[in-house]
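Here's a protein to poke at together. Let's ask how each label was earned, one question at a time.

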Amino acid sequence: MNFYQELFAELLQKQFNEIALTKLKRSLALKHQLETIPSNIDILLHAEIKEIPLFKKKLITKPVRTISGVSPVAIMTRPDKCPHGKCTFCPGGLNSPWGDVPQSYTGHEPATMRGMRNNYDSYLQVMNRLEQYVLLGHTFDKIEIIVMGGTFTATDFQLPGGLHDERRIDEIKTELLSFKQRKTTTLEAEQHINETAAVRCVALCIETKPDWGFLEQGNEMLRQGCTRVELGIESVYDDVLKNVHRGHTTADSKKSIQILRDLGFKINFHYMPGLPLTDRERDIQGMKQLFSDPDYRPDMIKFYPTMVAPGTALFHQWKQGQFTPIDTTEAAERLVEIKKIVPEYCRIQRIQRDVPTKYWEAGVGLTNFRQFIHQNYNIQCRCIRCREPKGKNINWANIQIKVTEYDASRGKEFFIAAEDSQTDTLLGFCRLRFPFQYLRPEITPASALIRELHVYGTATAIGDEGLVQHKGWGKRLVEKAEELARQHGKDKIVVIAGVGVRQYYQDKLGYQIEGPYVKKLL
Ligand code: SF4
Ligand SMILES: [Zn+2]
């Protein structure tokens, strides 16, 4: 039994007051070697749907605040081999020490467990997650779908259709049945339904590797409604990629980045410090190249220090003394050097895998690694994440629009930021690109692309007035992008927008749908 199963068993047997419950959670967390004690909401997210109401009563005595904003919904792909074989560091997959689990996961992550419970049916996984949100009292009118595990673009690559607008469980079930019965529906028809549904898919993210992220896959991802690609480039060194059996080269990485960027996607790189054949100097050099070399320059990045998982080729290399992973301090010291130089247009999303440390044999040993770095090193990271408002008071009079221009993948990028320079706070931003290649009929040589528009603040349900997201900053940023495009002789703006955001562009900004994009002639 894991932490959750044991806790649920105890809750079924006895009545606990608040103090006794805290004690129980603490002792079980210790027993199961969890780094933190999960919150009651986290715990409820691990319960079977039918048991949530019962456990909710036992766990939550005070009313829960409704949380709005974009609610993430992860879908896990079925356990399957990657076409190139297996990277030496990759945990999980078929016949792993944890059984058949999705490639690159251990089977113990909440999203993986949800995948298993639903036999990896993507539609059921989404519905299961939405049911959890209903029961927890979360608003979920805007959701982001994240497709995880393995090389999705190398599978048969089919997502279910759109999502539906029911909020109550019985209605969701009816809707689920009616979707299953709508055998003749098409992806396009479902997307169209979703444009105005009460539960809108405002973003869709797909994970893949560079050699499965070229034009063919890019076009298919666009058709699916994808807006962001998580791209596992892992290293800027070809000898390293070869050594870890990565199945792609740095030339593939650069080509994929350029194509995906020219199609309008936001790109989140995955990069692994501490891989074989690197030492501190080479690693730091490599990570700095990500920003100095225009062929890289990520919009967002996840650094995953190399860890040793049981059952991997790297595990055997480690056992035989051929490989030593970097430890917590070494990883921190390398990453600190990068945080010092990361440009304002990039967001450092994560610096560690979301797999609990107890499933690894060696490597970085802290689950709260980010906190460790911030507490032990005095660094002023100026990445997007570190400059987000997060509860800070915004002085509206100080907000100014600042444009940073840079070259990337042989095209031109403009990072248009709305910021309060006195407190160094970012209120929102827009990414404008003049592409290098025109890879689709919608994108003409005189087109500029908007790859991302994001405004922070108290997130709010669609239609709610008065809160930051609706103070018109999104509109102002887009107008600035349009102005820059015009100044450079462009006559068309093409925006990659999630299915659930298309309506916003049409109603508020005068855009029209064209293929998988929305567009406006200038
Ligand atoms: S491509 Fe990703 S999922 Fe596939 S073997 Fe390599 S690390 Fe694992
Ligand atoms: Zn940062």
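Q: What are we looking at, and how many helices and strands are there?
A: It's a predicted model, and the protein has 17 helices and 16 strands.

Q: How much of the protein counts as buried?
A: Of its 522 residues, 57% get that label. To earn it, a residue needs a relative accessible area under 20%. As for what's left accessible, the surface comes to about 22,400 Å², with 50% of that belonging to carbon and sulfur atoms.

Q: What share of the contacts with a separation of 6 or more comes from residues 24 or more positions apart?
A: That share is 70%.

Q: Why are Cys 381, Cys 383 and Cys 386 called donors of the zinc ion (ligand 2)?
A: It's a distance call: an S atom counts as a donor if it's within 2.8 Å of the metal. The SG atoms of Cys 381, Cys 383 and Cys 386 lie 2.2 to 2.3 Å from the zinc ion, so they make the cut. Along the chain, the donors follow the spacing C-x1-C-x2-C. Water is not among the atoms, so a site like this may look incomplete.

Q: Which label does Cys 381 get, buried or exposed, and what about Cys 386?
A: Cys 381 has 9% relative accessibility and counts as buried. Cys 386 comes in at 29%, which makes it partly exposed, since that label covers values between 20% and 50%.

Q: How do you know what Lys 339 is in contact with?
A: Contact means heavy atoms within 4.5 Å. Leaving aside neighbours within four places in sequence, the partners of Lys 339 include Cys 381 and Cys 386, two of the zinc donors. Ile 379 is also among the partners; its C-alpha atom is 7.3 Å from that of Lys 339, though they're 40 residues apart along the chain. Lys 339 is found in helix H14 (residues 328–341) and, at 2% relative accessibility, counts as buried.

Q: What surrounds ligand 1?
A: The shell includes Cys 82, His 84, Lys 86, Cys 87, Phe 89 and Cys 90. Gln 103, Ser 104, Gly 150, Thr 151, Lys 209 and Arg 246 are in it too. By class, that's four nonpolar, five polar and three charged residues. If the polar count surprises you, Gly is put with the polar residues and Cys with the nonpolar ones.

Q: What puts the buried residues of H17 on the same side?
A: In helix H17 (residues 502–509), the buried ones are Arg 502, Tyr 505 and Leu 509. They cover an arc of only 95° around the axis, so they share a side of H17. On the other side, Asp 507 and Lys 508 are exposed. The cover over the buried residues includes helix H8 (187–195), helix H16 (473–487) and strand S13 (447–455). Right after H17 comes Gly 510, with a positive phi near 70°.

Q: What makes the phi of Glu 234 worth flagging?
A: It's near 65°, a positive value in a residue other than glycine. Glu 234 sits in strand S6 (residues 228–234) and is buried, with a relative accessible area of 7%.

Q: Where is Arg 410, and why is it called exposed?
A: Arg 410 lies in the loop between strand S10 (399–408) and strand S11 (411–420). Its relative accessibility is 64%, and exposed means over 50%, so the label fits. Its phi is near 65° as well, again positive in a residue other than glycine.

Q: Why is Phe 415 called buried?
A: Phe 415, in strand S11, has 1% relative accessibility, and the cut-off is under 20%, so it qualifies. Its contacts beyond four places in sequence include Tyr 345, Ile 384, Tyr 406 and Phe 429.

Q: Why does His 46 count as buried?
A: At 17%, it's under the 20% cut-off, so buried it is. His 46 is in the loop between helix H3 (40–44) and helix H4 (52–59). Not counting residues up to four places away, it touches Tyr 4, Phe 8, Pro 110, Met 113 and Arg 117.

Methods
Residues are numbered from 1 along each chain as its sequence is written. Chains are lettered from A and ligands numbered from 1 in the order in which they are written. This is a predicted model: local features need pLDDT of at least 70, side-chain atom pairs count only at pLDDT 80 or more; totals for chains, interfaces and linings use all residues. Side-chain values use heavy atoms; hydrogens and water are left out. Helices (H or I, at least four residues) and strands (E, at least two) are DSSP runs, numbered from the N terminus. Buried means under 20% relative accessible area, exposed over 50%, partly exposed in between (1.4 Å probe, protein chains only). Accessible areas come from the Shrake-Rupley method with a 1.4 Å probe; for residues, only the protein chains shown count as cover. The arc is that of the directions from the helix axis to the C-beta atoms. A residue is near a molecule or strand if one of its heavy atoms lies within 4 Å of it. Donors are N, O and S atoms within 2.8 Å of the metal (3.2 Å for Na, K and Ca); water is not among the atoms, so sites may look incomplete.
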